[in-house]
Amino acid sequence: MKTTLTTLLFILLQLNTYSQDSFIKLPQAPKINCPILLVDDTIIANNHSIASKEDITEVRVLKDKPTRATHDFYNLSENGIASVTLKKKIASKTQAEINTFFGLNANNSIYVNGYLIESPKYKFATESMVEVELLTPTAENKLEQKVINIWTLTKDERLNGCSDKF
């Protein structure tokens with residue numbers, strides 16, 4: 001009986017641990033399965049950053065769901081992560097540069113496609129920024145301060161899903 005009770009308690013604790021692991025996102029985060037594209041492991045981009053397949057030297061797809069404890073891109077992985085290494089360098093801006101441009105504190109939170117970027121190491125491909133929103137706190141979004149949400153998805157992709165060009 002003691003072994004059964006211990007086993008049951010262990011299983012319940014494990015289930016509770018995984019149920020707490022949620023993605024931090026804005027209410028307008030799309031309900032579609034568009035993966036995030038990382039270029040050279042630190043630049044958030046979209047498929048428009050890749051002119052041709054000859055530009056690509058390596059492609060990696062994250063198969064397993066990462067954990068918050070082991071990966072700093074956990075929050076970006078709800079819809080998958082595709083990572084590419086390109087032969088060319090692409091223009092990018094740091095999160096601090098973007099915040100400063102919009103008159104916010106350099107350390108302010110930034111979201112991409114509605115998902116919070118939890119690590120300051122990530123930059124944004126300037127050619128991949130489709131739309132930039134400056135969001136103020138409301139009861140719906142439950143923000144504590146103004147934040148920036150950068151869309152790498154077009155309005156059509158947000159409504160109808162992503163193209164399969166990766």
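This passage describes the fold, the covalent and ionic links, and a few selected residues of the protein shown above.

The model is a predicted one. It contains three helices and 10 strands. Read from the N terminus, these elements follow the order α-β-β-β-β-β-α-β-β-β-β-β-α. The chain has 166 residues, and 37% of them are buried. Contacts across the sequence are a notable part of the picture: of those between residues at least 6 apart, 72% join residues at least 24 apart. The protein exposes about 10,200 Å² in total, and 56% of this area is supplied by carbon and sulfur atoms.

A convenient place to begin is the sheet formed by strands S7, S6, S10 and S9. These four strands make an open sheet, in the order S7-S6-S10-S9, and their pairing is mixed. Strand S7 (115-116) and S9 each have a single partner strand and stand at the edges, so one side of each is left without a neighbour in the sheet. Within the sheet, strand S6 (residues 110-112) runs parallel to strand S10 (residues 147-151), and the two are paired over three bridges. One residue pair illustrates this arrangement: Val112 has Ile150 in S10 as its bridge partner.

Turning to covalent links, the structure holds one disulfide. The bond is between Cys34 and Cys162, with an S to S distance of 1.7 Å. The link of Cys34 and Cys162 is right-handed, with 120 degrees about the S-S bond. Cys34 sits in the loop between helix H1 (2-19) and S1, while Cys162 belongs to the segment after H3, so the disulfide ties together parts that are 128 residues apart in sequence. The two cysteines can also be described by their accessibility. Cys34 counts as buried because its relative accessibility is 7%, under the 20% limit. Cys162, at 29% relative accessibility, counts as partly exposed.

Ionic links come next, and the count of salt bridges is four. In one of them, Asp41 pairs with Arg60, and the closest N and O atoms are 2.5 Å apart. This bridge connects distant parts of the chain: Asp41 is in the loop between strand S1 (36-39) and strand S2 (43-45), whereas Arg60 is in strand S3 (residues 56-61), 19 residues apart. Arg60 also meets the side chain of Glu58 in a salt bridge, at 3.3 Å from N to O. As for accessibility, Asp41 is partly exposed with a relative accessible area of 40%, Glu58 is partly exposed at 38%, and Arg60 is partly exposed at 28%.

A further salt bridge is found between Glu131 and Arg158, whose closest N and O atoms are 2.9 Å apart. Here too the pair links distant parts of the chain, with Glu131 in strand S9 (residues 131-135) and Arg158 in helix H3 (residues 155-160), 27 residues apart. Which of these partners is buried, and which is partly exposed? Glu131 counts as partly exposed, at 25% relative accessibility, whereas Arg158 is buried, with a relative accessible area of 17%. Among the residues treated above, Asp41, Glu58 and Arg60 are joined into one network by salt bridges that share partners.

Leu86 offers a view of a buried position. This residue lies in strand S4 (residues 81-86). Leu86 counts as buried because its relative accessible area is 7%. Setting aside neighbours within four places in sequence, Leu86 is in contact with Val39, Asp40, Ser49, Ile50, Asp55, Ile56 and Thr57. For one of these contacts, the C-alpha atoms of Leu86 and Thr57 are 5.6 Å apart in space, although the two residues are 29 residues apart in sequence.

The surface provides a contrasting example. Phe101, Phe102 and Val132 make a nonpolar surface patch of about 300 Å². Phe101 is placed in helix H2 (residues 95-101). With 68% relative accessibility, Phe101 counts as exposed, since the limit for that class is over 50%.

Note on methods. Residues are numbered from 1 along each chain as its sequence is written. This is a predicted model: local features need pLDDT of at least 70, side-chain atom pairs count only at pLDDT 80 or more; totals for chains, interfaces and linings use all residues. Side-chain values use heavy atoms; hydrogens and water are left out. Patches are made of residues with over 30% relative accessible area and no salt bridge: like charges are joined within 9 Å, nonpolar side chains (Val, Leu, Ile, Met, Phe, Trp, Tyr) within 5 Å. Accessible areas come from the Shrake-Rupley method with a 1.4 Å probe; for residues, only the protein chains shown count as cover. Buried means under 20% relative accessible area, exposed over 50%, partly exposed in between (1.4 Å probe, protein chains only). Contact means heavy atoms within 4.5 Å. A disulfide is a pair of cysteine sulfur atoms within 2.5 Å. Two strands pair if DSSP finds at least two bridges between them.
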